[in-house]
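Let's take a friendly walk through a metal-containing site and the ligand beside it. Have the structure open and turn it as you read.

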Amino acid sequence: MTASYNDCVSILNADLHCHSTVSDGTLSPEALAQRAAANGVELWALTDHDEIGGQARARDAARAAGIAWLSGVEVSVSFCGETVHIVGLGFDPEDPQLVAGLGQTRGGREARARDMAASLAQVGIHGAFEGALTYVGNPDLISRTHFARYLVEIGVCHDTPEVFRRFLTQGKPGFVPHRWAGLGEAVRWIRDAGGIAVVAHPGRYRFSPTEEYALFTEFTGHGGQGVEVVTGSHTTAEYQKYADLAIELDLVASRGSDFHSPTESRTDLGKLPFLPGKLSPVWEALDARIVRPEAV
Ligand code: AMP
Ligand code: MN
Ligand code: MN
Ligand code: MN
């Protein structure tokens, strides 16, 4: 069976993927909640990279903004020589195994950042570690995005997409390979904490069809249940491709902008096509975990 965009859609404006200053976004959890509400988002999750330190603020800010909320995180995973992102939704943010696992995943980011700076220095870009740090909101979470902002600031590149074309990616200056969490670990941390694991923006990985099949087979084998179908990273053709995959593999479907910044992100909070109606939205499976704003 094929889900088509001519079919009915799930009309809930859910945005279950974005980043705050707690990872590599430029807005606070509070500003994101307000922006989401202003954009018509009805159900929101903050999914900072490898970090759930912003969840309590996000929950309170969602309530203040009058929108429903789910806990969220985006875990960095190493799989087949690529970095894959697994979004976790609706988990208990105080779960000790999840908190410890994410702590372990974040560890090593500072050493990696120093190596990235050393690699950039070899092509004549000096002071990048200190420069990137000026953009970091959470000292535990220095990321490539912070380096990208610094390279734009000093005029080496015009914008962050140009940075990622010329630097910081495999084979380019500033790239340092890193070992993130295992796929099975990430899925287990999320599931054991009562949440649902979702493959984030699958269209972004440079996998062969065989590798992509292996990713989803291993993911579901470990208990992963969802896939992002509608994301700011996908083309219209990829919405269709991953809608079909969700049906084929019996996965629940998610929707999220991956918003990072008003000046850097192409897709604003909530400004995405709806999920095709034939898919099972992840939020239906997480109904009991949704924190709804108090009725007035
Ligand atoms: P890190 O977790 O330090 O490896 O940084 C990954 C982050 O870099 C992603 O979450 C994006 O925010 C950003 N990023 C990676 N590739 C690109 C790209 N091609 N264009 C813009 N941002 C990117
Ligand atoms: Mn990011
Ligand atoms: Mn991602
Ligand atoms: Mn993301």
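What follows goes through two metal ions, then the ligand they share a neighbourhood with in this text.

Please keep in mind that this is a predicted model. Start with the manganese ion (ligand 2). Which residues hold it? The donors are Asp 24, through OD, and His 49 and His 260, each through NE2, at 2.1 to 2.2 Å. Written along the sequence, these donor residues of ligand 2 have the spacing D-x24-H-x210-H. Asp 24 and His 49 bring together distant parts of the chain, 25 residues apart: Asp 24 is in the loop between strand S2 (14–15) and helix H1 (29–38), while His 49 is in the loop between strand S3 (43–44) and helix H2 (55–65). Are these two donors buried or exposed? Asp 24 has a relative accessible area of 3%, so it is buried. His 49 counts as buried too, because its relative accessibility is 9%, and the cut-off for buried is under 20%.

Now move to the manganese ion (ligand 4), which is 4.6 Å from the manganese ion (ligand 2). Its coordination comes from His 17 (NE2), His 19 (NE2), Glu 74 (OE) and Asp 258 (OD), at 2.1 to 2.2 Å. Along the chain, the donors of ligand 4 follow H-x1-H-x54-E-x183-D. Here His 17 and Asp 258 link distant parts of the chain, 241 residues apart: His 17 is in the loop between S2 and H1, and Asp 258 is in the loop between strand S9 (252–256) and strand S10 (275–276). His 17 is buried, because its relative accessibility is 0%. Asp 258, at 10%, also counts as buried. A further manganese ion (ligand 3) lies 5.7 Å from the manganese ion (ligand 2).

With the metals placed, turn to ligand 1. Where does ligand 1 sit? Look in the largest pocket. Helix H4 (109–121) and helix H6 (144–153) are the elements that give two or more residues to the shell around ligand 1. The surrounding residues include Arg 109, Arg 112, Arg 144, Thr 145 and Phe 164.

That shell also includes Asp 24, His 49 and His 260, which are the donors to the manganese ion (ligand 2). For each of these residues, a polar side-chain atom lies close to an oxygen atom of ligand 1: 3.0 Å for Asp 24, 2.8 Å for His 49 and 2.9 Å for His 260. Taken alone, ligand 1 exposes 490 Å², and the protein buries 78% of that.

Technical notes: Residues are numbered from 1 along each chain as its sequence is written. Chains are lettered from A and ligands numbered from 1 in the order in which they are written. This is a predicted model: local features need pLDDT of at least 70, side-chain atom pairs count only at pLDDT 80 or more; totals for chains, interfaces and linings use all residues. Side-chain values use heavy atoms; hydrogens and water are left out. Donors are N, O and S atoms within 2.8 Å of the metal (3.2 Å for Na, K and Ca); water is not among the atoms, so sites may look incomplete. Helices (H or I, at least four residues) and strands (E, at least two) are DSSP runs, numbered from the N terminus. Buried means under 20% relative accessible area, exposed over 50%, partly exposed in between (1.4 Å probe, protein chains only). A residue is near a molecule or strand if one of its heavy atoms lies within 4 Å of it. A polar contact is a pair of N or O atoms within 3.5 Å; within protein, one must be able to donate a hydrogen and the other to accept it, and residues adjacent in sequence count only if both atoms are side-chain atoms. Accessible areas come from the Shrake-Rupley method with a 1.4 Å probe; for residues, only the protein chains shown count as cover. On a 1 Å grid over the protein atoms alone, a cavity is a set of points where a 1.4 Å probe fits but cannot get out, and a pocket is an open set with protein on both sides within 12 Å along at least five of seven lines; lining residues have an atom within 4 Å of a point. A molecule sits in a cavity or pocket if more than half of its atoms lie within 2 Å of its grid points.
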